[in-house]
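Hi there,

Here is the structure I promised to pass on. Please have a look at it first, and then read on for what I found.

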Number of protein chains: 4
Amino acid sequence: MTHFDAKALARGPARWSHPMQARFQDIDAAGIVFYPRFFEYFHDAYVAFLDGRGCELHRAIAERRWAAPLKHVEADYLRPLRFGDRFAVGLVGVVITGSDVDVGYQVARPDGEVVAVGRTVHVWVDAQRFRRLAALPEDVRAALDPLVVSERGAPT
Amino acid sequence: MTHFDAKALARGPARWSHPMQARFQDIDAAGIVFYPRFFEYFHDAYVAFLDGRGCELHRAIAERRWAAPLKHVEADYLRPLRFGDRFAVGLVGVVITGSDVDVGYQVARPDGEVVAVGRTVHVWVDAQRFRRLAALPEDVRAALDPLVVSERGAPT
Amino acid sequence: MTHFDAKALARGPARWSHPMQARFQDIDAAGIVFYPRFFEYFHDAYVAFLDGRGCELHRAIAERRWAAPLKHVEADYLRPLRFGDRFAVGLVGVVITGSDVDVGYQVARPDGEVVAVGRTVHVWVDAQRFRRLAALPEDVRAALDPLVVSERGAPT
Amino acid sequence: MTHFDAKALARGPARWSHPMQARFQDIDAAGIVFYPRFFEYFHDAYVAFLDGRGCELHRAIAERRWAAPLKHVEADYLRPLRFGDRFAVGLVGVVITGSDVDVGYQVARPDGEVVAVGRTVHVWVDAQRFRRLAALPEDVRAALDPLVVSERGAPT
């Protein structure tokens, strides 16, 4: 699975892209976007993608159908972002392994310069006891379809 | 009810005090603590006070006994705080009106300089439907005891 | 100055409006938007308004021209917001008094239901020493023009 | 460099430990600590460690001596944290490579159960232009001393 190493993510291309702007309150005492905010940007983009595909996380949670907590995340930072900087969070692809979904991200300025890349590996669980589901819910799988670069059943 | 105007809050004294320090990520693009963070500091102090009195908000929520959302808040800012600045959030007092609790705060540096004051007016509600309780739960009323400066039944 | 009491703000109307959506991470342990996040929404709307009028806060700060810290803020909460809820932050008007700018806000759902109102009183200062300017910078005054409901010189 | 894979971090032990508690506002719409908050916890612990060793990040930034932005971060999540949960962020060790510092973290409950592990790789830069320093400032190197598990010059 070499798709989601940092170099591959930096090359992209993104299959879907979410334009954003660094907020006044995202800045830290060193004058740049505080590094965990990039994971908030990743999450906002992931939620917006699912919403746009008719698979709304807020509805899934309100109806206690499922949740998708993280098992692993990582990010590489290439350039700082500052207040007011415009950028897009691109979804480069997803790798599905049973009920695990590994999402690859690329953060780029409007001129294409990549400022950060990252991955978030979600596990689909029931919303009550947070127990792993045997497979992705069908509507989630369908929503992710345009992003899937690789797919396997659950690890044995 | 003149206790909780800004001038009275600035005079204090605080009846209970919670030492804190401005975090790296509390700073905004102008280089000072982002103003809504003071409400986070107020809330942290209020939670810590209740915890110390054996009335834990996290337990009340987990057991779905009650919640205490806000109906009104305000703050006056006298001096900026910067990264690493030490300060204490003082609880100046509470005014109870039925199931409303009006909490007064004073934020002061170790040398006593007041940098901000504020109020938060909470309404005690049931945790399921967020409907106002007729009166404060007994354990909450007992926990608040050292802070009470005025108390009345519900407005009629 | 009765324009910006809570009832007047709830009546509105907003002169300018910024559509937003409650984020996953804006929710607190009680399951609703954490109350200080409303001030973040206010600030995002205020920044977006100024940006749209060609008066970019990030540029003013980067060029060390001015900053606009808060001297007073307040909010009244009428209904909770939950994850995924759509709303608009409306700017109801501004009152200018010398270099103080009092901004009135109304947060409403798409069906018009008002969920919160608030005020933020900014002071325009130089960006280096945070000393009050004698008057608003001309470009700021021009940018605010569509919102001005009252204007006076500095208090004497 | 096998010290900082997730399994080694989970085994620990921590060389220094920072007790914390999950805040009301750290919770997300799924009812658990929002995953990027763990990086805030890591950062708080790292700042507290340096402070305790007489190497205060806020002073370094105020004096424009250096900054330490991130080049890479990652985390593995083993168990969720909920509002009010107590935990400690342990620093398991640092690996120094020139002006890069790779910090390993372990988040554990009071009973020792590990709930998350992570790494943050900082680059020491000058505070003005964010250019990499040839080596760590002496006071930083001295402060980190109790944590160092491996050390090399800059990569060639």
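Below are my notes on the contacts between chains, followed by a few details inside single chains.

Please keep in mind throughout that this is a predicted model.

**Chain A with chain D**

Let me begin with the contact of chain A and chain D, to which each of the two chains brings 24 residues. Together they bury about 2100 Å², and 66% of that area is on carbon and sulfur atoms. Three residues stand out on the chain A side: A:Y35, A:Y77 and A:F130 supply 25% of the area that chain A buries against chain D, more than any other three residues.

On the polar side, there are two salt bridges between chain A and chain D. One of them joins A:R37 to D:E40, with the closest N and O atoms 3.0 Å apart. If you count polar contacts instead, twelve residue pairs turn up between these two chains, with both residues at pLDDT 80 or more.

Which elements of chain A supply this surface? Both α2 (37–52) and β2 (70–77) of chain A give at least two residues each to the side that touches chain D. The most comes from β2(A), with eight residues. Sorted by class, the residues on this side of chain A are 15 nonpolar, three polar and six charged.

The strand β2(A) also pairs across the interface: its partner is strand β2 (residues 70–77) of chain D, the sense is antiparallel, and the pairing runs over five bridges. Within these strands, A:H72 stands opposite D:D76 in β2(D).

How are the two copies related? Chain A superposes on chain D by a rotation of 180° with 0.0 Å of shift along the axis, at an RMSD of 0.0 Å. That is the relation of a two-fold axis. If you want to find the axis on screen, look for A:E74, which comes closest to it of the residues of chain A, with its C-alpha at 2.0 Å. Both copies use the same surface here, as 100% of the contact residues of chain A recur in chain D.

**Chain C with chain D**

Chain D also touches chain C, and in this contact ten residues of chain C meet ten residues of chain D. The area buried between chain C and chain D is about 860 Å², 70% of it on carbon and sulfur atoms. Here C:F24, C:Q25 and C:A29 supply 53% of the area that chain C buries against chain D, more than any other three residues.

How many salt bridges cross the interface of chain C and chain D? The rule finds zero. There are, however, two residue pairs in polar contact between chain C and chain D, both residues being at pLDDT 80 or more. The side of chain C that touches chain D is made up of six nonpolar, one polar and three charged residues.

For this pair, too, I looked at the symmetry. A rotation of 180° with 0.0 Å of shift along its axis brings chain C onto chain D, with an RMSD of 0.0 Å. The C-alpha of chain C nearest that axis belongs to C:D28, 3.0 Å away from it. The copies meet through the same surface, because 100% of the interface residues of chain C are also interface residues in chain D.

**Inside the chains**

Over all chains, a search of the whole structure finds 64 salt bridges. Among them is the one between A:D100 and A:R132, whose closest N and O atoms are 2.8 Å apart. A:D100 lies in strand β4 (residues 100–108) of chain A and A:R132 in the loop between β5 (114–123) and α4 (138–144), so this pair ties together parts that are 32 residues apart in sequence.

Some backbone geometry may be of use to you if you set up calculations. The peptide bond from B:G12 to B:P13 is cis, with omega near 0°, and B:P13 is in the loop between α1 (6–11) and β1 (16–21) of chain B. In chain C, a cis peptide bond joins C:G12 and C:P13, with omega about -5°; C:P13 lies in the loop between α1 (6–11) and β1 (16–21) of chain C.

Finally, back to A:F130, one of the three residues named for the area chain A buries against chain D. A:F130 has a phi near 55°, a positive value in a residue other than glycine, and lies in the loop between β5 and α4 of chain A.

Best wishes

Key
Residues are numbered from 1 along each chain as its sequence is written. Chains are lettered from A and ligands numbered from 1 in the order in which they are written. This is a predicted model: local features need pLDDT of at least 70, side-chain atom pairs count only at pLDDT 80 or more; totals for chains, interfaces and linings use all residues. Side-chain values use heavy atoms; hydrogens and water are left out. Contact means heavy atoms within 4.5 Å. Buried area is the accessible area (1.4 Å probe) that two parts lose on being put together, summed over both. A salt bridge is a side-chain nitrogen of Lys or Arg within 4 Å of a carboxyl oxygen of Asp or Glu. A polar contact is a pair of N or O atoms within 3.5 Å; within protein, one must be able to donate a hydrogen and the other to accept it, and residues adjacent in sequence count only if both atoms are side-chain atoms. Helices (H or I, at least four residues) and strands (E, at least two) are DSSP runs, numbered from the N terminus. Ala, Val, Leu, Ile, Met, Phe, Trp, Tyr, Cys and Pro count as nonpolar, Asp, Glu, Lys and Arg as charged, and the others, Gly among them, as polar. Two strands pair if DSSP finds at least two bridges between them. Copies are superposed by least squares on the C-alpha atoms of residues with pLDDT of at least 70 in both.
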